[in-house]
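Hello,

Here is the structure I promised to pass on. Please have a look, then read my notes below.

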Amino acid sequence: MVLQRLDPVAELCRVDNVMNRFWRSYSGLGRPARPQGWAVPLDVRQEGDSVAIDASVPGIDPEQISATVEDGVLTIKGETATETKKNDERYYLRERRVGAFHRSVRLPDTVDTEGAETTYENGVLTITFPKQESKKARSLAINVKS
């Protein structure tokens, strides 16, 4: 028999994780929840003094995409046109996504959301946030006393 020290905080975290998994997988009436759209794949990278986010949205009209920043969270939303299925068509494989899509990501406190720039090229939406001047790392001189 091994004695193990009780850690109430770790136990509460474990219970919280179990409950979160439960609520993510079921809707209110005990039925499995349906996905509400699809998530946009993202790349987040640092470019010198800015943070750039690349979102893959191929084949989507840029006018159908909206990007908003609220309370430090970037949200990219949009919708692809649903294709009408003809009665004489039979698919062997269908992987292209249609319908609504969204993706949210929390931005670091060091970026300036007011100075954001967006570009759309070849199905990739790029949003670039410059770093705030007051939050940039600065070098400190070390004085030696003799």
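**The nonpolar core**

The largest nonpolar core holds 17 residues. Those touching the most other members are Val57, Ile65, Leu74, Ile76, Phe101, Leu125 and Phe129. Strand E3 (50–56), strand E5 (73–80) and strand E8 (124–130) each give two or more residues to this core. Keep in mind that the model is predicted.

As background, nonpolar side chains tend to be buried together in soluble globular proteins.

Phe129 deserves a look of its own. What is Phe129 in contact with, leaving aside neighbours within four places in sequence? The list runs to Ser50, Val51, Ile53, Val69, Leu74, Leu107, Val111, Asp112, Thr113 and Ala116.

**The chain overall**

The protein chain has one helix and eight strands. The helix comes ahead of the strands in sequence, giving α-β-β-β-β-β-β-β-β. There are 146 residues, and 18% of them are buried. About 12400 Å² of the protein chain is exposed, with 50% of that area supplied by carbon and sulfur atoms.

Now the contacts with a separation of 6 or more. Residues 24 or more positions apart account for 49% of them.

**The largest pocket**

The largest pocket contains about 280 Å³ of space. Its lining is made up of 15 residues. Pro58, Gly59, Ile60, Thr80 and Arg97 lie nearest the centre of the pocket. What classes make up the lining of the largest pocket? Six residues are nonpolar, four are polar and five are charged.

Best wishes

Technical notes. Residues numbered from 1 in each chain as written. Predicted model: local features only at pLDDT ≥ 70, side-chain atom pairs only at ≥ 80, totals over all residues. Heavy atoms only, no water. 1 Å grid on protein atoms, 1.4 Å probe; cavity = no way out; pocket = protein on both sides within 12 Å on 5 of 7 lines; lining within 4 Å. Points joined across faces, edges and corners; volume = space filled by probe spheres on them. Nonpolar A, V, L, I, M, F, W, Y, C, P; charged D, E, K, R; others polar. Core = buried A, V, L, I, M, F, W, Y, C linked by side-chain atoms within 4.5 Å. Buried < 20%, exposed > 50% of the residue type's maximum accessible area, 1.4 Å probe, protein only. Helix = DSSP H or I, 4+ residues; strand = E, 2+ residues; numbered from the N terminus. Contact = heavy atoms within 4.5 Å. Areas by Shrake-Rupley, 256 points an atom, 1.4 Å probe, with all protein chains shown as cover.
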